[in-house]
Amino acid sequence: MVRLLGDPHQLAAVEAGGALRLIARAGGAVERDRLHRFRVPGEADASLNLRDGQDKGAAFTWYRHKGRIVAGNHEAMCDAVFSAWAKDTGKGLTSLMTAADNTTVTALNVRAQAWHIAAGDVDTSRTTPLRAGQQARVGDIIVTRLNRRRMIVRGRDFVKNGDTWRIEKILPDGRLRVRHTHHRGRITLPAHYTATQCELGYASTIHRAQGMTVDSSHALASARSHREGVYVQLTRGARTNRLYVAIEDGDDLDDVLASIAARRRAQLSATESIAALQREIAAPGQLAAEYADVTERATAARLTGVLEHTLGLDRAAMFMAADAFPALVRVLGDAERAGFDLPRLLARTALGRGLADAYDPAALLTWLLRERLGRCRPSPPGRPRQHPFRTLAHPAAHPGTARRHPPCRRPRSPQGRRRRLHPPSHRGDHPRRPHSPRMARPAPRPAHPQRTRRPHRTHPHPDTPHPQRRIRPDARRPADDRRPHPRIPAAPRDALARPRP
């Protein structure tokens, strides 16, 4: 049977983590409902609120009321952390300093070692090299940074990453005789291991501090810290946990704490990462964005082909090399959506013009196309393009239109012309009368309205000519021909008789 023990809300492994979080979310984990580390009433509930609380403004409320959080610039906070650690260590308590970066941790370790040397707790007669250029002496506390399963301490315990040891003796060959600070087990560490995988252990990074339990913890944070890291820093001490926030001038502490509570850096497992990527790929927004991108690329390739086919490869290459070629592709797409024939539009706009001399030929062609699109309307398929209406507005452009419709006279509508050509019998024989309270009787309509355009051929009298029939002289007949016109009804003979002189 294998039992896994851990907190999924703490920092995951540096390389690949998230396994405990995945197990906890899958429902196969048993959670403890009571915390036994803290000795101050209310601190256990405060730590749970800091870990799981949804209200980011209330995550640090208990620590603020207890005076556990102070703020200042970076140098002042480093001094405050070291002074509080030195005070607790002087009382015989086990104290720990934590920071997020290795540079600050190294500086605090050097200051703590100098404090022990000044207090006489460290033997300075002999030193041994450690990692990162540090020097260790008898009485110093070191931390191992690499697991060594073959270095058995006692029983089944072995040297692990993050274990703290106190140096008891430095052997002539450089080996160290050390003792574990918690379970008191002893082991001799090889010289090459201590020189490459050991550091001073008075201060620690947040990742290395996970799993430690001390009397007091003094944590250095900043505005860039995240919630999981600060949660680890404020849960290492059994008696007290204090947070020192390094802020810039003008920053408000409450705002910085709220930003820390809102910033989470939970690491996902490989399974969760794959599931998240699958959801992201299948999301409608992602699919719509991909479709729009593919459509834009395909449209650009097709319009580029139209440009090469119409203008030739050399001229098309000139436009494609210009900076404004994307704008040219967009205006061609607009013209195509508006219904224009692109080869014909390009031929009329680009061919026969000196576009090669322009600083940006694509920009000039784009401007010309937009001007033409603004003036013209797309022609239906198979029909020639009509002239713009703006050219028909001026009478001088069409002399025939000017003769029929003088500027001072408005042309008559076809309906008015139709009423004028119809005889009175078709419009009704009722003469106009002045308006009266009684509704006028509407004029009767012909039996076939669709035939009203042609004048009626029935006349009141056979000798009376049609009122709207026009008499056109025949140019082929001589002027002295007095025979009746075939289109004019013959008049009575008495009307044609003339008295003789």
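# Confidence, burial and pairing in a predicted chain

Reader: How many contacts beyond four places in sequence does the model have for residues 423-431, where pLDDT stays under 50?

Author: For residues 423-431 there are 14 such contacts, although pLDDT stays under 50 over the stretch; a contact here means heavy atoms within 4.5 Å, and pLDDT is the predictor's confidence in each residue, on a scale from 0 to 100. Residues 434-440 also have pLDDT below 50, with 0 contacts beyond near neighbours in sequence. Where pLDDT is low, the predicted coordinates should not be read in detail.

Reader: Which rules of numbering and selection stand behind such values in this predicted model?

Author: This is a predicted model in which local features need pLDDT of at least 70 and side-chain atom pairs count only at pLDDT 80 or more, while totals for chains, interfaces and linings use all residues. Residues are numbered from 1 along each chain as its sequence is written, and side-chain values use heavy atoms, with hydrogens and water left out.

Reader: What is the mean pLDDT of the chain, and which elements have the lowest and highest means?

Author: The chain has a mean pLDDT of 78, and 68% of its residues reach 70 or more. Among the elements, helix H16 (residues 389-392) has the lowest mean, 40, and H4 has the highest, 95. The secondary structure comes to 20 helices and 14 strands, where helices are DSSP runs of H or I with at least four residues and strands are runs of E with at least two, numbered from the N terminus.

Reader: Why is Arg236 called buried?

Author: Buried means under 20% relative accessible area, exposed means over 50%, and partly exposed lies in between, with a 1.4 Å probe and protein chains only; the relative accessible area of Arg236 is 2%, so this residue is buried. Arg236 belongs to the loop between helix H8 (227-233) and E14, and a polar atom of its side chain lies 2.9 Å from the backbone oxygen of Val232. In the chain as a whole, buried residues make up 33% of the 501 residues.

Reader: What makes Ala132 and Arg184 fall into the classes they have?

Author: Ala132 has 63% relative accessibility and therefore counts as exposed, whereas Arg184, at 48%, is partly exposed. Ala132 is found in the loop between E3 and E4, and Arg184 lies in the loop between strand E9 (176-180) and strand E10 (186-189). Ala132 has a positive phi of about 65° although it is not a glycine, and for Arg184, also not a glycine, phi is positive at about 65°.

Reader: How do you know that E3 and E4 pair?

Author: Two strands pair if DSSP finds at least two bridges between them; strand E3 (residues 123-129) and strand E4 (residues 135-138) are joined by 4 bridges and run antiparallel. One of the opposed positions is Thr127, whose bridge partner in E4 is Arg137. E3 and E4 form a hairpin with 5 residues between them.

Reader: What order do the strands of the sheet with parallel pairing have, and which helices pack on that sheet?

Author: The open sheet of 5 strands has the order E1-E14-E13-E2-E12, and its edge strands, E1 (69-72) and E12 (203-205), each pair on one side only. Neighbouring strands are turned by 25° against each other on average, direction ignored, with axes being lines fitted to C-alpha atoms, for helices over the stretch in contact, and angles running from 0 to 180 degrees between N-to-C directions. Helix H4 (residues 74-90) touches E1, E2, E13 and E14, and its direction makes about 180° with that of E13. Helix H5 (residues 102-119) touches E2, E12 and E13, at about 170° to the direction of E12.

Reader: Why is Glu199 called buried, and what does its side chain contact?

Author: At 12% relative accessibility, Glu199 stands under the limit and so counts as buried. Glu199 lies in strand E11 (residues 198-200), and a polar contact of 3.3 Å joins its side chain to that of Arg145; this fits the definition, a pair of N or O atoms within 3.5 Å where, within protein, one must be able to donate a hydrogen and the other to accept it, and residues adjacent in sequence count only if both atoms are side-chain atoms. Strand E5 (residues 141-144) and E11 pair in the antiparallel sense over 3 bridges, with Thr144 opposite Cys198.
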